[in-house]
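Me: I should like to go through this model and ask, for each label it carries, what justifies that label. Please set each value against its criterion before concluding.

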Amino acid sequence: MFALDGKRALVTGASGLLGAHFGRVLRGAGAEVVLAARRPEACAALAAELGATVVALDVQATDSVAPAFDAAGRVDILVNNAGIAATRGFLEHSLEDFDRVLEVNLRGAFLVGQEAARRMAAAKTGGSIINIASVLGARIIPGVAGYTAAKAGLIHMTRQMAVELARHNIRVNAIAPGYIASDINAEFFATEAGQAMVKRIPQRRLGNPDDLSGPLLLLASDAGRHMTGSVVTVDGGHSVNPL
């Protein structure tokens, strides 16, 4: 039920840690993979590893989206993963920071998701769209006002898309990861403050990309065929920990 043989999946933000991981997982389940990134050259090694196609896609640029899908060909599975963050206190958070984060994390997901859905509907093939949200779409931490707003919007947009696209046999779901260990945050989580944050996670550990593999395959494959409008939280219990 989790096999993806004969399917083609497009992953945005494929040059990043999670995008690359999602590409590997989907390829391992049998899908053809299309890696989409603003800097396609950054995906060259991964593309060679997976036998994948690479397309240039800047999710902020309206005129970049359709050409990327033209180059990708048929898409059965979309992983809407591209995202950025700006970390500043609310009073220091500039309008430029706020707009830039929403343009990538929410507007970009809308543009790419809409293009994928239009093509799936026109081809009458159905498909699966998986939006990569965050537990910060439901909870907050200081300093990331644009990010929390964008991810909250993405979660609600997932539900909107699910209702409107169900008639076209297109399922739309979201994965909401908690803190995922990476080179970017390793230094912080080695500090006293970082360790204190880890202790507030009921499982007492950070997540890692492999923790997202099962949810990704569930939502991408026929194993999740009766799931749409769902938000799968993967955070070691962090978001339900008592305040």
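**Labels and their grounds**

Reply: Of the contacts in the chain with a separation of 6 or more, 70% are between residues 24 or more positions apart. The model is a predicted one, and its secondary structure comes to 8 helices and 7 strands.

Me: How do you know that the radius of gyration of the chain agrees with a compact globule?

Reply: For 243 residues, a compact globule would have a radius of gyration near 18 Å; the chain has 17 Å, and therefore the two agree. The C-alpha trace spans about 50 × 40 × 40 Å along its principal axes. Buried residues make up 49% of the 243 residues.

Me: What makes the span of helix 4 agree with its number of residues?

Reply: Helix 4 covers residues 95-123, which is 29 residues, and at 1.5 Å a residue it should span 42 Å. The expected span uses one less than the number of residues. The end C-alpha atoms of helix 4 are 40 Å apart, so the expectation and the model agree. Helix 4 nevertheless has a kink of about 40 degrees, centred on Glu103. After helix 4 comes Lys124, with a positive phi near 60 degrees.

Me: Why is the pair Arg119 and Glu115 called a salt bridge?

Reply: The criterion is a side-chain nitrogen of Lys or Arg within 4 Å of a carboxyl oxygen of Asp or Glu. The closest N and O atoms of Arg119 and Glu115 are 2.7 Å apart, so the pair qualifies as a salt bridge. Both residues belong to helix 4, and because they are 4 residues apart there, about one helical turn separates them.

Me: Is each partner of that pair buried or exposed, or in between, and on what grounds?

Reply: Buried means under 20% relative accessible area, and partly exposed lies between that and the exposed class, which is over 50%. Glu115 has 15%, so Glu115 is buried. Arg119 has 30%, so Arg119 is partly exposed.

Me: What makes Arg74 and Asp76 a salt bridge, and which class of accessibility does each fall in?

Reply: Their side chains meet at 3.0 Å, N to O, and the limit is 4 Å. The pair therefore counts as a salt bridge. Asp76, at 8% relative accessibility, is buried, whereas Arg74, at 39%, is partly exposed. A search of the whole structure finds 8 salt bridges.

Me: Why is the contact between Asp211 and Arg205 given two names, polar contact and salt bridge?

Reply: The side chains of Asp211 and Arg205 are joined by a polar contact of 3.0 Å, and the cut-off for a polar contact is 3.5 Å. The N to O distance of 3.0 Å in this pair also lies within the 4 Å limit of a salt bridge. Both names therefore apply. In general, side chains of opposite charge can pair when their charged atoms come close. Arg205 is partly exposed, at 36% relative accessibility. Asp211 is likewise partly exposed, with a relative accessible area of 23%.

Me: Where does Asp211 lie, and which residues does it touch?

Reply: Asp211 is in the loop between helix 7 (192-199) and helix 8 (213-220). Leaving out residues up to four places away in sequence, Asp211 touches Arg205 and Val234.

Me: How do you know that helix 8 is largely enclosed by the rest of the structure?

Reply: Of the 8 residues of helix 8, 6 are buried, so the helix is largely enclosed. These buried residues are Ser213, Pro215, Leu216, Leu217, Leu219 and Ala220. They pack against helix 1 (17-28), strand 4 (77-80), strand 5 (127-132), strand 6 (170-177) and strand 7 (231-234).

Me: Why are Asn169 and Arg204 called exposed?

Reply: Exposed means over 50% relative accessible area. Asn169 has 55% and so counts as exposed; Arg204, with 53%, therefore counts as exposed too. Asn169 is in the loop between helix 5 (145-165) and strand 6, and Arg204 is in the loop between helix 7 and helix 8. Asn169 is not a glycine, yet its phi is positive, about 60 degrees. Arg204, not a glycine either, also has a positive phi of about 60 degrees.

Conventions. Residues numbered from 1 in each chain as written. Predicted model: local features only at pLDDT ≥ 70, side-chain atom pairs only at ≥ 80, totals over all residues. Heavy atoms only, no water. Helix = DSSP H or I, 4+ residues; strand = E, 2+ residues; numbered from the N terminus. Contact = heavy atoms within 4.5 Å. Polar contact = N/O pair within 3.5 Å; in protein donor to acceptor, adjacent residues only side chain to side chain. Bend = angle between axes of the 7 residues up to and from the residue. Buried < 20%, exposed > 50% of the residue type's maximum accessible area, 1.4 Å probe, protein only. Rg over C-alpha atoms; globule rule 2.2 N^0.38 Å.
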